[in-house]
Every structure is written in C-alpha cells, then in structure tokens.
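Please examine the structure shown below together with its sequence. The paragraphs that follow lead from the whole fold to its interior and then to a single residue.

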Amino acid sequence: MVSAKIKKRHADLCEQVELHNYRYYVLDDPLISDAEYDRLMKELMEIEHDHPELVIPESPTQRVGAKPLEEFPEVVHAVPMLSLSNAFDEDEMRAFDKRTREKLSVEEVEYAAETKLDGLAISLIYEHGRLVRGATRGDGYTGEDVTTNIRTINAIPLKLRGDFPDQAEIRGEVYMSKDGFKQLNEYQKKHDSKLFANPRNAAAGSLRQLDPSITARRPLLFYAYTLILPDGADYPGTQTEILGKIKHWGLPVSSETRAVKNLEGCFDYYAEMVEKRPRLGYEIDGVVFKVNKLAQQESLGYVSRAPRWAIAYKFPAEEAITRVKSIEVQVGRTGALTPVAKLDPVYVGGVTVTNATLHNEDEIRRKDVRAGDTVLVHRAGDVIPEVIRVVKEKRPKGTRPFSMPKTCPVCGSDIERTEGEAVVRCGAGLYCSAQQIQSIIHFASRRAMDIDGLGDKLVEQLVNTRLITNVADLYRLDREQLAALERMGDKSAENLINALEKSKKTTLSRFLYALGIREVGEATARMLADHFGNLEAISEAGIEALEAVTDIGPVVAQHIVHFFHEKHNIDVINKLRKAGIHWPDVKRLKRLPLKGKTFVITGTLESMKRDEAKDKLQALGARVSGSVSAKTDYVIVGSEPGSKAEKAKQLGVKMINESEFMALLNQ
C-alpha cells in the first residue's frame, strides 16, 4: 500500500514539473534553475521507481521508455495539411494583397504576421485534453504516426491546461535551436557519428528515429501555429486569438507573432524580421502572413493545395561563388529531365552545397553554363541550390556549350517536350527505372488498381531486390518470393497474392488512371472511357479526336498521344492484359443527368462502399464534395451519419436516404 503522504507528494511533483515546463517552454519565464528542476525530476523518478503503481501516462517521467518501433504506421489527416503559396519580392506581396482585398471587397485587411520556422510540420491530436497522436505532415494527406517520439519533447504537453475542448488538433513546427544544433553536432562528432547539415535536417532526423530514447536525447522544441476543431465547434474570431488560446492551453507559440495592418504593416514586419534574424535563437526562412479574421479566411477559401488567405514571404537567398566540375542530367520520379551542376563544395546558407539545379534546357542556354565555369550559387528560398549566373571573366579556354540528350539517359526511351513547356520528359513512365517506384506506387493506389497491402516500403523493397522492374512484374510474383522478403511471412505473402488476383478485375477508367499518364486524373480517365468505350480506340486516337472529349485540351491530348506512341509503354500494357487484367465493356453515356449537381455522402451505405457510390455519381456527371455548403445540392445520408447531416439540416440542403439515392442512379 502507498501511503497518502507519498501519493500527495507524487501528485505535487507531477504538477510542479509540468508547471516549470510551461514556464520554461511556453512563457519563456522560468521560476527555478535547471539544477532545481533536475532535483524535482529525480525525486519524482525515485518515487515512481519505488511505487510503480503510481505511474500514469501523463507523468513527466513517461516521455521516454517505449520500445523501439519497427516502422511508423501511416496516418491519414482528416483535414489535409496544405502548403502555402510563396512570395519572393514586394511585387508578389502586392499582388497577393490586391487579390485578397478584391475578393473580400474591402479597402483594408488585417494580417496575422508570424515567423516561418525552418523545421518539420507536425499534427497533434488531443482528446479530453490528453495527447493521443502526433503525426508528420507527409505529403499533406498522409503522414507518419510519431506519437511515441512526440511524447519525448518537453515543450509539447501530454495534457492541456485550463478550459480545453473535448477534441482539438493543434498543428505546428518541431525544430531545433541554433545552440541545440551546435551541441548535437558536437556530440555526433565526439562519438564518430554522422554530422547533420542544418537544424532542419537534425530536427527531422531526430523525430523519425525508430528508437524514442534517441529522440529524447535530442534538443527538440515546438511552436504551434494553427488549430482545428470538430465541425460545428466555436472558433475564436481571429488567428491571433487562436494562438492566444493555444498558449493558454500550455503549448508554445512564437513571441514574434502579432497582428499588422495592411500591406505597409506586412513590409514593416518583414524588414524587422530580416534585421532580427541573425539574433534569433532558431532558424527562420521567411515570414508568414495570414488574413487575421477567420470569417474572411472562410470567404477566401482555397486554390489547389494552398489557402488563398495566407502567403509565405521568403527571405533573400544567401549566395556564394564556386566552380562547376561537370553537368549531369537526372531523371525525376515524373520523368522530368533536369540538368544538374556538380560543384566544388561551397557553404551557402548554413549548408555545404555540392549540386545545384540548372532547371531546364532553356535556362541553361540563357545562362550559358558550362563545365569548368566559375558560377554564383544561391539557395532559392533557402532550400534549393541554384546557379544564378556565370562569372565569364573566369571561364577557362576550351569549354563547350551544354546540350540535352536526345533520349532518356536512364532507359534510352524517346524524350518528350510539350509545346510551350520548358521541361523535357522521358515518356516511358511504365518502363523507365528512374520512374518505376513512383509509377508502381501510383498503379497500386486505392483509387487506381486498389492492391491492398502493397505499400510504399514494400514497393521499394521489391524494386531494390530486382523482383520487379515495372507494374506488369507484380503479376508474376509468387508466395515463396514474397514470403522470403523482410517483414513479410507466409500470411502476408498470401494476402498480397490474393489482392493482386482481385485487382485483375477492374474498370477501364481505373486502369487508365493507374497508367499514370501525365495530367490524366480520375475525372479525365472517366471521360476518356465514356467517350471512346475501349482502350484500343483511346490508344489509336489522334490529337483532334482526343480534344473532342469534354475538358481535354491540346496539352493533355499531346501527353496521351505521346504515352501510347511509346513502344515500352505498350509492351507493359500488353503484359498486364496477358496477366489477366480485364474490365467490362463501357456503357458510353449519351447524357449526364447529374451534371452540375454537387453531392455529399455521410454515414455508411449498405449496398456499396462510399468510393463506389462516388464513382457512380461522377459517371453521371455529378461533383462529389467532402464538405457541406450552401452550394451543395444533395446530401446522401447512410446509417450513423456524422456532423455533415446536421450541417445540411441547418443550411436547408436536401437530404436523401439510400433508397432514394439508388432511384436517382437508375433514373
């Protein structure tokens, strides 16, 4: 039995340690010395060692101690973690401000001004005030579950303070201070370990350690910058009020954040941060301006993968002079051929640079960059090293102008240059080894061939072990080969073989989308299937015939023609069909009865999966949205509907049940 006195002391110590974490990390106003803090923590650990029954998940001692992971599970973000548009000069900022004022029909705008930390974007999920998940941004839609490692960061509270909501997602940046980065590299050097190039790489590498005890030893910090609450929850009125609330709950926010008036206020803040940047204790690569009023943010909405109401104003890049040793052409995951200058190592913007992009053929000719040249290099946006210009006075005799290869340097296939574009590409997307991993991952994805169990890491393993070189090879795999792979086993191998067999029965539109033809997304693939009816007709169609399809212009038509004229791609398609991939004949629609209508689906449908319902609606011309608004025409309500049904009721949007939905499909 634990005495009441020890229980009380344990509770007091937990409360004191968390208070001092809050004072140190959030308020930047510690009440005690580091030595006194260490004494309190030591006493707490001794009590829990003697009385393990007192240990609770929220105890400050539980930030370390979990077993190392084998891999990070994937996390799908309920709300995508979008990127920000960038501005690199005052003209781009003026254009952003003008667009914002015009769309809002106002003369003045108040912005929330924040420093842009050079760290790793993180999503934190709190339920009933307790931290239940931490995830990386990933590609914006799917990240990695790094909860165990997040719990080791003292700046992130395991339990919120004050009047917190039942559910909250707080997003921010995990970073490393300049001093912390210096200390870490000194430690690495002392132990003959790899040195980190910059604080951002150090923070990212530390957070993605499979052993959380390693993460715990790294000097990681955190700043929060936004809040997401469940549908229907009451938000504060402004971005700056959101940050105040987050700080009240116990999470650190940047002390440099404040509201500024109009474009002049933005420029003043930017100039202040440029001047202050060297004295800050952490790296920033620019500042962020967000329309402060949330109601105005909602009115402005989003474009592509970025909000219209925010922009990152990047700092000028740092520059250095070095020599071009050679020029090589690299083939990217999408087939783009990029000339790259191999440089004598040079230190630029806190990083040792050995490569710099030359962008494309037009750019390399304009700058006339040659092997042997002395060049001025900078890091565009403090991220991508770039050759700015040649110091021609130092050009050695005998240099030759650079020319792009006529065929892909990796697979030898023909290269494609679309009229009006500067980039040249390898057209053998299904065949080229430089593109193979990405093309296979896309081919297997849920909205394409839907091969369950074939994740990114397994694809990489299959390619690296040379078991597959293109998507057709997937259907030649057998159980023995798969079971012999690391982390597979007989059951996993059998499941994947079954998934591959199941995927052979598909639809023409899914197959077209799976091929990864440039700019042919799901909607375009569906239009092609509905218009032509079979793959042969599509593969033989010319530019004019393709342009006759709804929403297909000359550029997309050219991509399609080039793809099907590449012999390597046809070889892979023939192998796929020989392996048994098939689809039913396409009913070529003469009309689109639901064209112009917007649908939202909520709850569980009994007769079909939600993806299938979405496919059927889109095939009839409808648009399927993930959120309800006044512009929504119908909300399809299944069993156990969510908050979307409530919102539809509030907005007066027509709601239909599953039987009414089926009748609509069959009309």
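**From the whole fold to one residue**

The protein contains 24 helices and 24 strands. The reader should bear in mind that this is a predicted model. Along the principal axes, the C-alpha trace extends over about 80 × 80 × 65 Å. What radius of gyration does the protein have, and what would a compact globule have? For 667 residues, a compact globule would have a radius of gyration near 26 Å, and the protein has 28 Å, so the two agree.

The chain also brings together residues that are far apart in sequence. Of the contacts between residues at least 6 apart in sequence, 67% join residues at least 24 apart.

We turn next to the surface. The protein exposes about 34100 Å², and 49% of this area is supplied by carbon and sulfur atoms. Its side chains include 95 positive and 98 negative ones, and the centres of these two sets lie 2 Å apart.

The interior deserves equal attention. Buried residues account for 47% of the 667 residues in the protein. In soluble globular proteins, nonpolar side chains tend to be buried together. The largest nonpolar core here has 56 residues, and those with the most contacts inside it are Phe443, Ile451, Leu474, Leu528 and Phe564. Several helices each supply at least two residues of this core, including α12 (436–444), α13 (456–464), α15 (489–503), α17 (522–532) and α21. Helix α20 gives the most to this core, with six residues.

Leu528 shows what such contacts look like in detail. Not counting residues up to four places away in sequence, Leu528 touches Leu512, Val520, Gly533, Ile538, Leu546, Val549, Ile552 and Ile560. Apart from the largest core lies another core, of 36 residues, and among them are Ile122, Ile156, Phe196 and Leu207.

Finally, consider Arg577, which is placed in helix α21 (residues 567–578). Is Arg577 buried, partly exposed or exposed? Its relative accessibility is 34%, and buried means under 20% while exposed means over 50%; Arg577 therefore counts as partly exposed. Leaving aside residues up to four places away in sequence, Arg577 touches Leu535, Glu536 and Trp583. Arg577 and Lys504 are 73 residues apart in sequence, yet their C-alpha atoms are 8.8 Å apart in space. The helix that holds Arg577, α21, is also one of those that supply at least two residues of the largest nonpolar core.

Methods: Residues numbered from 1 in each chain as written. Predicted model: local features only at pLDDT ≥ 70, side-chain atom pairs only at ≥ 80, totals over all residues. Heavy atoms only, no water. Helix = DSSP H or I, 4+ residues; strand = E, 2+ residues; numbered from the N terminus. Rg over C-alpha atoms; globule rule 2.2 N^0.38 Å. Buried < 20%, exposed > 50% of the residue type's maximum accessible area, 1.4 Å probe, protein only. Contact = heavy atoms within 4.5 Å. Areas by Shrake-Rupley, 256 points an atom, 1.4 Å probe, with all protein chains shown as cover. Lys, Arg positive; Asp, Glu negative; His and termini not counted. Charge placed at Lys NZ, Arg CZ, Asp CG, Glu CD. Core = buried A, V, L, I, M, F, W, Y, C linked by side-chain atoms within 4.5 Å.
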